[in-house]
Amino acid sequence: MWKLLKYEMKKSMPGKRILIAITLSAELMVLIGLGFGNISLVGIGALLLSYSALIGMFITCFGGSGLFGRELRTKQSYMLFITPNSNRKILDAKYLESFCSSVLMGIYFLLLLGLDLSLTVLRDQWSTGPFSHNFQGLQEVSAMIPNAALALLSLWFLLVAAAFFITVVFASIFSKLPAKGLLGFLFFLFLGFLINLLGSVLTTVSYSEFHILVLSLLFLFGGLLFRGATLFLMKHELNP
C-alpha cells in the first residue's frame with residue numbers, strides 16, 4: 001500500500017506544483033500590498049488567493065479520479081490489473097492519496113490565511129479596530145469545528161468515492177460514448193448538487209449534534225456503497 005501511495009502522490013505532483021506557484025504569487029501580492037499600504041493590491045491578491053484555494057482544493061480532492069480516467073483510456077490500461085496488487089489496494093491507495101493531499105493542501109492554505117490575518121491584525125491594531133468584532137465571531141464559530149469536521153470528512157469520502165465510481169462507469173459501461181470525460185464531470189456535478197440538496201433538507205429540519213451525526217453516517221454509508229460498486233465494476237468490467 002505504501003508503494004502504491006507513493007506512486008499516486010508522485011503522479012499528482014506536477015499539478016500541485018502549479019497550484020502552489022499560483023497561490024504563492026497571489027500571496028506575494030497580498031504581502032506587498034500590506035507592506036506598502038496598497039489596499040487595491042491586497043484586494044486583488046486576496047481575491048486570486050481565494051479562487052485559487054477553492055479551485056485548488058477541488059482539484060486536489062478529485063483530481064485523482066481524473067488521472068485514473070486518463071489511465072483507463074490508454075491502450076496500456078490493462079497493465080493496471082496485471083500487477084500483484086488487488087483492485088481493493090489500487091482503489092484504496094487512490095482514496096488515501098486524495099485524503100493526504102487534501103489535508104496537506106488544507107494546512108497549506110490555512111497557514112497562508114493565518115499569516116495574512118496576523119499581518120492584518122498587527123497593521124490595523126485589531127484590539128480597537130473593526131477586525132476585533134470579526135475575530136470574536138471566529139471564536140464562536142470555532143466551537144462548531146468538531147462536528148463540522150466529522151460531517152466534512154464523511155462528505156469528502158462520499159464525494160471522492162462517487163467521483164471514482166463515475167470514472168469507472170464511463171470507462172466501462174459507457175466507454176463508447178463520445179466526450180465521456182466531460183459527461184462524467186457533468187454527471188458528478190449533478191450528483192454533488194443532489195447530495196448538497198439532501199444535506200440542506202436534513203439540516204433544515206434541525207442542526208443539532210444528533211442530526212449532524214446522522215447526516216455523517218448517511219454520507220459514510222453512501223461512500224461505502226460507491227466504493228463497493230466501483231470494486232465490482234473494476235473486477236467484472238475492467239479486468240482483462
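User: Why does Leu233 count as buried?

Analyst: First, keep in mind that this is a predicted model. In it, Leu233 has 8% relative accessibility. The cut-off for buried is under 20%, so Leu233 counts as buried.

User: Where is Leu233 found, and what is Leu233 in contact with, leaving aside its neighbours within four places in sequence?

Analyst: Leu233 is found in helix α7. With those neighbours left aside, Leu233 is in contact with Phe165, Val168, Val169, Ile173 and Leu238. The C-alpha atoms of Leu233 and Ala171 are separated by 9.8 Å, and these two residues are 62 residues apart along the chain.

User: Why is Ser12 called buried?

Analyst: Same kind of check. Ser12 comes out at 13% relative accessibility. Buried means under 20%, so Ser12 counts as buried. Its place is in helix α1, residues 2-36.

User: What makes the pair Ser12 and Lys16 a polar contact?

Analyst: The distance between their side chains is 2.4 Å, and a polar contact needs a suitable pair of N or O atoms within 3.5 Å. Ser12 also has a side-chain polar atom 3.0 Å from the backbone oxygen of Met9. Leaving aside neighbours within four places in sequence, Ser12 is in contact with Leu67 and Glu97.

User: How do you know that α1 is roughly antiparallel to α2?

Analyst: Look at the angle. α1 and α2 pack at about 175°, and their axes are 8 Å apart. Angles over 145 degrees count as roughly antiparallel, so α1 is roughly antiparallel to α2. As for the residues in this contact, 15 are nonpolar, 7 are polar and 3 are charged.

User: Which residues touch the most other members of the largest nonpolar core?

Analyst: Those are Phe62, Tyr95 and Phe226, in a core of 31 residues. Helices α2 (39-72), α3 (87-124), α5 (145-172), α6 (180-205) and α7 (209-238) each give two or more residues to this core. The largest share, 15 residues, comes from α5.

User: What is Phe62 in contact with, leaving aside its neighbours within four places in sequence?

Analyst: With those set aside, Phe62 is in contact with Leu159, Val160, Ala163 and Phe188. Apart from the largest core lies another one, of 8 residues, including Ala53, Met105, Phe109 and Leu112.

User: Where do nonpolar side chains tend to be in soluble globular proteins?

Analyst: As a general trend, they tend to be buried together in such proteins.

Methods. Residues numbered from 1 in each chain as written. Predicted model: local features only at pLDDT ≥ 70, side-chain atom pairs only at ≥ 80, totals over all residues. Heavy atoms only, no water. Core = buried A, V, L, I, M, F, W, Y, C linked by side-chain atoms within 4.5 Å. Buried < 20%, exposed > 50% of the residue type's maximum accessible area, 1.4 Å probe, protein only. Helix = DSSP H or I, 4+ residues; strand = E, 2+ residues; numbered from the N terminus. Contact = heavy atoms within 4.5 Å. Polar contact = N/O pair within 3.5 Å; in protein donor to acceptor, adjacent residues only side chain to side chain. Axes fitted to C-alpha atoms, helices over the stretch in contact; angles between N-to-C directions. Parallel < 35°, antiparallel > 145°, perpendicular 65-115°, else oblique. Nonpolar A, V, L, I, M, F, W, Y, C, P; charged D, E, K, R; others polar.
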